[in-house]
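Trainee: Please take one part of this model and describe it closely, then connect it with the rest of the chain. I should like each term to be given with its cut-offs.

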Amino acid sequence: KLDEFPQDFLWGAASAAYQIEGAFDEAGKGRSIWDTYAHTPGNTYQGTTGDVAVDHYHHMEEDVALMGKMGLKAYRFSVAWSRVIPDGEGAVNEAGLDFYRRLIKALRANHVEPVLTLYHWDLPQALQDKYQGWESRETIAAFKKYCQVLFAAFKDDVKYWVTFNEQNVFTSMGYRWGTHPPKVMDIKRMYAANHIINLANAEAINLFHEMVPNGLIGPSFGYGPVYPLTGDPNDVLASVNADDFNNNWWLDVYCRGEYPFFMMKQLQRMGIAPVVTAADEQLLKSAKPDFLGVNYYHGGTVQTNRLQKPVATDQQAKDFSATDPYLMQPKADQAQSPEIPAFNSVASPYLAKTEWGWEIDPVGFRVALRQVYEKYRLPIFVTENGLGAVDQLVNGQIDDQYRIDYLQAHLLAMKEAITDGVAMIGYCAWSYTDLLSWLNGYRKRYGFVYIDRDDNGPKELKRIPKASYYWYQQIIAENGQQ
Ligand code: BGP
């Protein structure tokens, strides 16, 4: 028999500022690197931007009222740094801060616990221009100031805080693949930026513990278990390398305050390791997150890159990348990563895929929760998990049974992990309303609440609860009994 969910389990849903707010230049907001990136032709799917997004900025009360009706226990959102401090480090824009003050008040009035993410990818453009963003230590000071403003403003009203969302994703996309801002393709710079962000994360956690002693803070990491394609020891070795490369490189720093030993050695051999001073080491060791945010979509299967033989022809690699730019297949005779050349990512022969080619793997969710808890023993807050699909509005309704099936399977896996002994705070499905998918525009929908808009622009932006909304309402009411 499976354990029950804890009585105070936070059943939630998530979002991020750039993907929902719109109002990109209203009420004193500064530009972010995502404004710049999306405004540059060729960078996003059909040129879609978050200029209007789903206009949550002007529909906030309505959106929160629907959360109240749903019985949602927690709502994860991010603050747009450039709305609060338009140039990233100077004067505070009171109107920007006020938007979040009103949001938090509305959440509390509807008995929804706010979960505030400090950084979900939208760095103020001014910091990119002035300091080269996350490649410079000046940006740590700016981030600390921004954190200080938010901690002071919301320390009595927000208990759960997330520092960085998916550092692994935004740095790999932004500095390795060049498919997110700042569109750099240089792995040495990628490792340097990661180190700076690790320091910023540590500074934020330490400052938080001084200023908000009753709150809880941690990073949200995009975690996927790594599977070897076969039992061939070469494939197993590849999976050990890939686990360092995909997961440990970040998680060990967050939770243990140190970089993984073998991978660091390898980077040093190649001359691309970050410069870590004694003071840095001390800082990283001193900052302890209170929980670990886990975003789970899928794991990854790898095989050894035998004799550097191609795993895909150029055409196959192109087709694969075209389905979803997040899943980049190494091209012919090219390893996934020059620094860890012993693995290549391949499709799992066991798993079905979503319309965007993401593997559907609820068992992997249990594996993920177990692995992370076993290694770091921190309570886990699942801060994202969900299904991106094309939804059809038929007679004013959306019957997204496929999303219900997906979520149900993942909730069951989570219950099994809890029975295994994993300590969990809550679960935020991605996403609450439909929203902008960074590189896929508006047709890839994740929400419990449908929003009437497409890639060509807003229609009426009407909010329509989907079948999954009513299903989740029931799940919450029964605390996960199904
Ligand atoms: C995560 C991000 C989210 C969200 C989600 C779905 O990596 O933290 O912001 O976008 O993935 O991704 P996508 O929109 O590419 O389908």
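Mentor: Asp 55 is partly exposed, since 18 other C-beta atoms lie within 10 Å of its own; the class runs between buried (20 or more such atoms within 10 Å) and exposed (12 or fewer), with C-beta atoms placed from the backbone. The model is a predicted one, in which local features need pLDDT of at least 70 and side-chain atom pairs count only at pLDDT 80 or more, whereas totals for chains, interfaces and linings use all residues. Residues are numbered from 1 along each chain as its sequence is written.

Asp 55 sits in the loop between helix 2 and helix 3; helices (H or I, at least four residues) and strands (E, at least two) are DSSP runs numbered from the N terminus. Although Asp 55 is not a glycine, its phi is positive, about 50°. Gln 46 lies in the loop between helix 2 (33-39) and helix 3 as well, and this non-glycine residue also has a positive phi of about 50°. Gln 46 counts as exposed, with 10 C-beta neighbours inside 10 Å. For context, most residues other than glycine have a negative phi, and most peptide bonds are trans.

The loop leads on to helix 3 and its packing. Helix 3 (residues 56-70) packs against helix 5 (residues 94-109) at an angle of about 10°, the axes being 10 Å apart; axes are lines fitted to C-alpha atoms over the stretch in contact, and angles run from 0 to 180 degrees between N-to-C directions. The two helices are therefore roughly parallel, a word kept for angles under 35 degrees (over 145 is roughly antiparallel, 65 to 115 roughly perpendicular, and the rest oblique). From helix 3, Tyr 57, Met 60, Glu 61 and Val 64 meet Phe 99, Arg 102, Leu 103, Ala 106 and Leu 107 of helix 5; contact requires C-beta atoms, placed from the backbone, within 7 Å. Those residues divide into seven nonpolar, no polar and two charged, where Asp, Glu, Lys and Arg count as charged, Ala, Val, Leu, Ile, Met, Phe, Trp, Tyr, Cys and Pro as nonpolar, and the others, Gly among them, as polar.

Elsewhere in the chain, helix 8 (residues 167-177) is mostly covered, eight of its eleven residues being buried. Among the buried ones are Phe 170, Met 173 and Tyr 175. Strand 4 (160-165), helix 9 (187-211), strand 5 (216-222) and helix 10 (233-256) are included in what covers the buried residues. Ser 172 lies in helix 8 and is buried, with 22 C-beta neighbours inside 10 Å. From Ser 172 to Met 185 the separation is 13 residues in sequence and 9.2 Å in space, C-alpha to C-alpha. Just after helix 8, Gly 178 has a positive phi of about 70°. The loop between helix 8 and helix 9 holds Pro 182, which is joined to Pro 181 by a cis peptide bond with omega of about 5°. A cis bond also runs from Trp 430 to Ser 431, with omega near 10°; Ser 431 is in the loop between strand 11 (424-430) and strand 12 (449-454).

The largest nonpolar core (buried Ala, Val, Leu, Ile, Met, Phe, Trp, Tyr and Cys residues joined through C-beta atoms within 7 Å) has 134 residues, with Tyr 75, Val 79 and Ile 380 among those having the most contacts inside it. Helix 9 supplies the largest share of this core, twelve residues. Beyond its neighbours within four places in sequence, Ile 380 contacts residues including Phe 291, Val 294, Tyr 373 and Met 424.

Finally, 15 residues surround the ligand, the closest being Ala 16, Glu 166, Val 169, Gly 388 and Ser 437; the criterion is a C-beta atom, placed from the backbone, within 6 Å of the molecule. This shell has five nonpolar, seven polar and three charged residues. Gly 388 also appears among the contacts of Thr 354, together with Ile 360, Leu 387 and Ala 389, when neighbours within four places in sequence are left aside. Thr 354 belongs to the loop between strand 9 (344-346) and helix 14 (362-376), and is partly exposed, with 18 other C-beta atoms within 10 Å.

Notes:
Contact = placed C-beta atoms within 7 Å.
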